[in-house]
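Where does the ligand sit, and which residues surround it? The paragraphs below start at the ligand and work outwards.

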Amino acid sequence: MERMLVLARHGQSEWNLKKLFTGWRDPDLTPLGVEEARTAGRWLKAQGSQFDVAFTSNLKRAQNTCALILESMGQSGLETIRSEALNERDYGDLAGLNKDDARERWGDAQVHEWRRSYDVPPPGGESLKDTAARVLPYYIQHILPRVMGGERVLVAAHGNSLRALVMVLDGMTTKTIASLEIATGIPLVYHLKADTTVESKLILDKDIDAAD
Ligand SMILES: O=C(O)[C@H](O)COP(=O)(O)O
């Protein structure tokens, strides 16, 4: 039985382009982000992939990425389940601020800690640990059973909600997770074993250039 789980971060958003902290704010995709999503769908189709169900967040950049991937695969209208649990990490008081300005104001080290550490939240926002506290239960309760039942599952979500999941799938630690970047629109194709651990992982792009 094939147990396929594909994770895709949304394509470039309007606020990614402006280098603004986004979190739960709801900008749409840029034209490049639309093209990234369509390309991801074409790659997946070229791999011979098809999906039985998709999951995405309550934010339009992920929802539209999901729809564009499926459209490119000829699977528009596939069952797509939306959940706030898959939303990007909430960046709290940083949302809307420019990342370069934030580095100027608080220093590179502090901004990097807020963006990439496991348990240090940005002011008024969620740490990765907080994000994982909603992503992982949702994955275990709603996504994993479908994968283990042999359905081919797409999850179109966000840089940090996916980092929370990849941390577990890849057996990363609270220290090594700080180095993990997930680029926009690059599908991570997992196949799981019957015991739910990872049998294989394929990153459908060799030149990962993580969006800022
Ligand atoms: O929410 C955001 O600002 C981006 O989508 C992800 O931000 P990060 O790469 O700074 O965590």
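Around the ligand are R9, N16, L20, F21, T22, G23, E88, Y91, K99, R115, R116 and N160, each with a heavy atom within 4 Å of the ligand. This is a predicted model, in which local features need pLDDT of at least 70, side-chain atom pairs count only at pLDDT 80 or more, and totals for chains, interfaces and linings use all residues. Residues are numbered from 1 along each chain as its sequence is written, and side-chain values use heavy atoms, with hydrogens and water left out.

The shell around the ligand consists of three nonpolar, four polar and five charged residues; Asp, Glu, Lys and Arg count as charged, Ala, Val, Leu, Ile, Met, Phe, Trp, Tyr, Cys and Pro as nonpolar, and the others, Gly among them, as polar.

Polar contacts (pairs of N or O atoms within 3.5 Å) reach oxygen atoms of the ligand. A polar side-chain atom of N160 lies 2.7 Å from one ligand oxygen atom, a backbone N or O atom of T22 lies 2.8 Å from a ligand oxygen atom, and for a polar side-chain atom of E88 the distance to a ligand oxygen atom is 3.4 Å. Of the 310 Å² of accessible area that the ligand has on its own, the protein covers 99% (Shrake-Rupley method, 1.4 Å probe).

UniProt, in an unreviewed entry, lists H10 and E88 for "active site"; such annotations may be inferred rather than shown by experiment. These residues are spread over 79 residues of sequence, yet the largest C-alpha distance is 10.3 Å.

As for confidence, the model scores ipTM 0.89 and pTM 0.95.

Note on methods. A polar contact is a pair of N or O atoms within 3.5 Å; within protein, one must be able to donate a hydrogen and the other to accept it, and residues adjacent in sequence count only if both atoms are side-chain atoms.
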